Amino acid sequence: MEPDAFMIWKSAPFFVEIQGSIYSEKVMNEKFNRYVSYYMSNEWQQEPWQPEDKKIFPKTILITDTRYNSPRHSGVQFFQALDIKQFLTFAARTHEIKKTLQGR
């Protein structure tokens, strides 16, 4: 597993994959499976950026203009967007929906 970037944004860790080329389903599944394997290894819990009180596995942002079928896994979340602006718009809308639901 080798993300193109790692970032912490609004206290949340993210892996960033920038996919400029079109890959086969097999190649992308192998890539996705490396993230799941890393999650299952629990090695991420030892990273120096981890909070001491709660271990957090980074979400993965896949910047691509090709839609890939990412796996469903309880501990690993993949988000696909055309660009970072689209992802930020999605994140803002999701945040607003959560706030609305919590207010009920």
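Reader: What makes Phe15 and Thr60 a facing pair?

Author: In this predicted model, Phe15 sits opposite Thr60, a residue of strand 3. The setting is strand 2 (residues 12–18) and strand 3, joined by five bridges and running parallel. Two strands count as paired once there are at least two bridges between them, so five bridges clear that bar. Phe14 has a partner there too, namely Lys59 in strand 3.

Reader: How do you know which residue Thr60 partners in strand 4?

Author: From the bridges again: Thr60 has Phe78 as its bridge partner in strand 4. Strand 3 and strand 4 (residues 78–81) run parallel, with four bridges joining them.

Reader: Why is Thr60 called buried?

Author: Its relative accessibility is 2%, and buried means under 20%, so Thr60 counts as buried. Setting aside neighbours within four places in sequence, Thr60 touches Phe15, Glu17, Tyr35, Gln77, Phe78 and Phe79. Its home, strand 3 (residues 59–63), is mostly covered as well, with four of its five residues buried.

Reader: What makes strand 2 largely enclosed?

Author: Just count: five of the seven residues of strand 2 are buried, so the rest of the structure largely encloses it. For the protein chain as a whole, buried residues make up 29% of the 104 residues.

Reader: Why is the contact between Lys31 and Glu17 called a salt bridge?

Author: Here's the idea: side chains of opposite charge can pair when their charged atoms come close. The closest N and O atoms of Lys31 and Glu17 are 3.0 Å apart. The cut-off is within 4 Å, so the pair qualifies. Lys31 belongs to helix 1 and Glu17 to strand 2, so to speak distant parts of the chain, 14 residues apart. Both Lys31 and Glu17 are buried. By this rule the count is one salt bridge.

Reader: What makes strand 1 and strand 2 a hairpin?

Author: Strand 1 (residues 5–9) pairs with strand 2 in the antiparallel sense over five bridges, and two residues lie between the strands. At least two bridges are needed for pairing, so five will do. Ile8 stands opposite Pro13 of strand 2. In the turn, Lys10 has a positive phi of about 50°.

Reader: Which elements make up the β-α-β unit, and what hand does the unit have?

Author: Strand 2, helix 1 (residues 25–41) and strand 3 form the unit, and the unit is right-handed. The test is to point the strands away from you and follow the path from the first strand over the helix to the second; clockwise means right-handed.

Reader: How do you know where that unit falls in the element order of the protein chain?

Author: Read from the N terminus, the elements go β-β-α-β-β-α. That fits the tally of two helices and four strands.

Reader: How many of the contacts in the protein chain join residues at least 24 apart?

Author: Taking contacts between residues at least 6 apart in sequence, 48% join residues at least 24 apart.

Reader: And what do carbon and sulfur atoms supply of the exposed area?

Author: The protein chain exposes about 7,500 Å², and carbon and sulfur atoms supply 50% of that.

Technical notes: Residues numbered from 1 in each chain as written. Predicted model: local features only at pLDDT ≥ 70, side-chain atom pairs only at ≥ 80, totals over all residues. Heavy atoms only, no water. Buried < 20%, exposed > 50% of the residue type's maximum accessible area, 1.4 Å probe, protein only. Contact = heavy atoms within 4.5 Å. Areas by Shrake-Rupley, 256 points an atom, 1.4 Å probe, with all protein chains shown as cover. Salt bridge = Lys/Arg side-chain N within 4 Å of Asp/Glu carboxyl O.
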